[in-house]
Amino acid sequence: MSAVVETRLPRNARTFRLYRSLPRLLKDPIGEIEQIGRLAGGDLVRVDFGVFRAHVASHPDHVQHILRDDADNFLREGTFWRPLHRLFGDSILGEGPDWELSRRSLQPVLTHRHLNAVADRIAASIDQSIEDLARTAGTGRPIDARAEIGTIVNTAVLKVFFGDKISGADNERLLPAFENIATAIAFRFLLPFLPESMPVPGDRAFKKGVQEMDSVLFSVIENYRRNPDDGTDFFSALCEARTAEGEEVTDRWVRDNLVAMFATATETTVGALTWLWPLLDAHPEVARRLYEEVDRVVGRDHVGPQHLPDLTYTKQVVQELLRLYPVGWLFPRRAVAPAEFDGVRVKAGDTLLISPFLTHRLEAFWPRPLEFDPERFTVGRVAGESRRHRYSYFPFGGGPHQCIGMHIFNLEAELIIAGLLSRFRPVLSGQVPETPRIGATLRPRTDVEISLRAI
């Protein structure tokens with residue numbers, strides 16, 4: 001039996017009364033959350049918003065119990081899922097029969113074998129996008145790193161997801177709509193217990209973005225229904241899915257899953273790679289090693305899947321990026337039945353908040369946790385660190401609900417980094433604060449502008 005459910009003398013969880021510091025929370029939410037993580041030190045604690053309370057679980061033992069060992073008792077439901085449910089509905093990011101159907105339908109197109117089969121297409125798309133970027137960025141003028149990386153990622157993802165079923169015009173509508181949604185949802189995500197009848201900043205932009213996105217997606221779905229094909233892309237797999245009773249799935253179910261998969265496949269990659277440039281600027285030795293590896297493995301070739309096995313340090317850089325800045329930084333769960341964590345009792349219906357951002361910064365498991373050090377993920381070094389808990393690092397979640405798009409992320413991120421650094425050396429324009437801006441994902445507080453110098 002896991003240590004988290006051993007019977008111990010009951011005790012009350014330490015409580016942080018956030019309603020007393022609401023102005024400070026709204027001004028610097030991630031600072032308040034980091035403070036809670038430091039003071040908790042891995043203990044299960046409670047946060048009190050006055051009208052809403054939740055437990056925060058950061059110790060890897062507790063995380064493992066919630067996500068894997070007793071996953072059926074901790075569901076993706078409750079207050080913190082309301083803003084996300086408005087966007088993703090009953091999809092791969094839900095629970096129950098709809099989640100099971102989504103996973104069963106998408107799993108065949110997310111296997112290593114299938115991704116290996118489309119890896120060349122992803123690499124070709126990334127290479128073409130970098131060629132396009134070279135025409136405008138080769139002058140050395142600063143560019144918005146997030147916007148340019150977003151274009152590269154989204155173009156590749158849309159080709160893999162939709163094949164040739166989405167037009168360039170629809171693409172140009174879909175991408176900004178989703179970007180607007182991702183920023184507009186931030187306030188609701190931070191304070192999800194506020195009633196939807198109470199207007200908050202971002203509501204109007206969120207509604208407009210969803211309407212634009214739905215206009216594109218439902219039109220594409222309708223076209224496919226009229227002219228189905230035998231494609232092997234995500235879109236075709238979803239449209240051809242059948243319920244347990246053999247019935248055709250609804251257009252809404254297809255739409256919800258497309259949005260969920262698009263969000264996880266793009267936001268994670270774009271978010272992580274936006275943080276890369278200020279980190280390389282602040283750690284020139286890491287940058288030097290990364291450049292040397294890309295020069296040695298890729299040279300002036302067009303980067304492709306054949307290069308990935310030898311890009312070992314590149315992979316470590318990506319892993320450390322996700323340790324410091326896990327894009328999916330908060331995983332809410334609702335307890336179905338009572339549970340106990342080292343003597344702290346959780347009642348049925350209680351909300352538990354799991355945060356890779358906090359767990360990845362626990363000093364008991366990560367020496368010098370605030371330092372950017374890709375060497376942590378050297379294979380021999382990881383194997384020799386006996387205290388590295390399986391759930392001390394979980395940027396993609398864990399257990400049955402582990403993100404099924406993580407292989408796409410790894411493929412995209414490594415190809416983009418190698419492709420860019422085989423052509424350019426980035427130069428950061430201005431300072432970027434290390435503390436992220438909080439929302440549904442973690443983003444830099446300021447725009448990240450870089451100049452790309454051709455080599």
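1. Start with helices α13 and α17 in this predicted model. Helix α13 covers residues 284-297 and α17 covers residues 406-421; their axes are 9 Å apart, and the packing angle is about 85 degrees. That angle makes α13 roughly perpendicular to α17, because anything from 65 to 115 degrees falls in that class.

2. Who does the touching here? On the α13 side, look for Leu-290, Tyr-291, Val-294 and Asp-295; on the α17 side, look for Ile-417, Ala-418 and Leu-421. Sorted by class, this contact has 6 nonpolar residues, 1 charged residue and no polar ones.

3. Now step just past α17 to Ser-422, which sits in the loop between α17 and β10 (424-429). Is Ser-422 buried or exposed? Its relative accessible area is 3%, so Ser-422 counts as buried, the cut-off being under 20%. The side chain of Ser-422 also has a partner: the backbone oxygen of Gly-419, at 2.9 Å.

4. Which residues does Ser-422 contact once you skip neighbours within four places in sequence? They are Val-294, Val-298, Gly-299, Arg-300, Asp-301 and Ile-455. You've met one of these already: Val-294 is among the α13 residues that meet α17.

5. There's a second helix pair worth rotating into view. Helix α12 (residues 251-282) and helix α14 (residues 312-324) have axes that come within 10 Å and cross at roughly 100 degrees. So α12 is roughly perpendicular to α14. Helix α12 brings Thr-268, Ala-272, Leu-273, Trp-275, Leu-276 and Leu-279 to the contact, while α14 brings Val-317, Leu-321, Leu-322 and Leu-324. By class, you get 9 nonpolar residues, 1 polar and no charged.

6. Zoom in on Leu-322, which lies in helix α14. With a relative accessible area of 2%, Leu-322 is buried. Leaving out residues up to four places away in sequence, Leu-322 touches Thr-268 and Ala-272, and also His-360, Tyr-393, Pro-395, Phe-396 and Phe-409. Thr-268 and Ala-272 belong to the α12 side of the helix contact. As for His-360, it is 38 residues from Leu-322 along the chain, yet their C-alpha atoms are separated by 9.1 Å.

7. Next, find Asp-233 in the loop between α10 (203-226) and α11 (234-239). You might wonder whether a charged residue is buried or exposed at this spot; Asp-233 counts as buried, at 8% relative accessibility. A polar atom of the Asp-233 side chain lies 2.8 Å from the backbone nitrogen of Ser-236.

8. What does Asp-233 touch, not counting residues up to four places away in sequence? The list is Val-109, Val-160, Phe-161, Phe-162, Gly-163 and Lys-165. Have a look at Leu-158 too: Asp-233 and Leu-158 are 75 residues apart along the chain, and 9.8 Å separates their C-alpha atoms.

9. Last, the cysteines. A disulfide is a covalent bond between the sulfur atoms of two cysteines. How many disulfides does the structure hold? The count is 0. Two cysteines are still worth clicking on. Cys-239 counts as buried, at 1% relative accessibility, whereas Cys-403 is partly exposed, with a relative accessible area of 22%.

Note on methods
Residues numbered from 1 in each chain as written. Predicted model: local features only at pLDDT ≥ 70, side-chain atom pairs only at ≥ 80, totals over all residues. Heavy atoms only, no water. Axes fitted to C-alpha atoms, helices over the stretch in contact; angles between N-to-C directions. Helix = DSSP H or I, 4+ residues; strand = E, 2+ residues; numbered from the N terminus. Parallel < 35°, antiparallel > 145°, perpendicular 65-115°, else oblique. Contact = heavy atoms within 4.5 Å. Nonpolar A, V, L, I, M, F, W, Y, C, P; charged D, E, K, R; others polar. Disulfide = S-S within 2.5 Å. Buried < 20%, exposed > 50% of the residue type's maximum accessible area, 1.4 Å probe, protein only. Polar contact = N/O pair within 3.5 Å; in protein donor to acceptor, adjacent residues only side chain to side chain.
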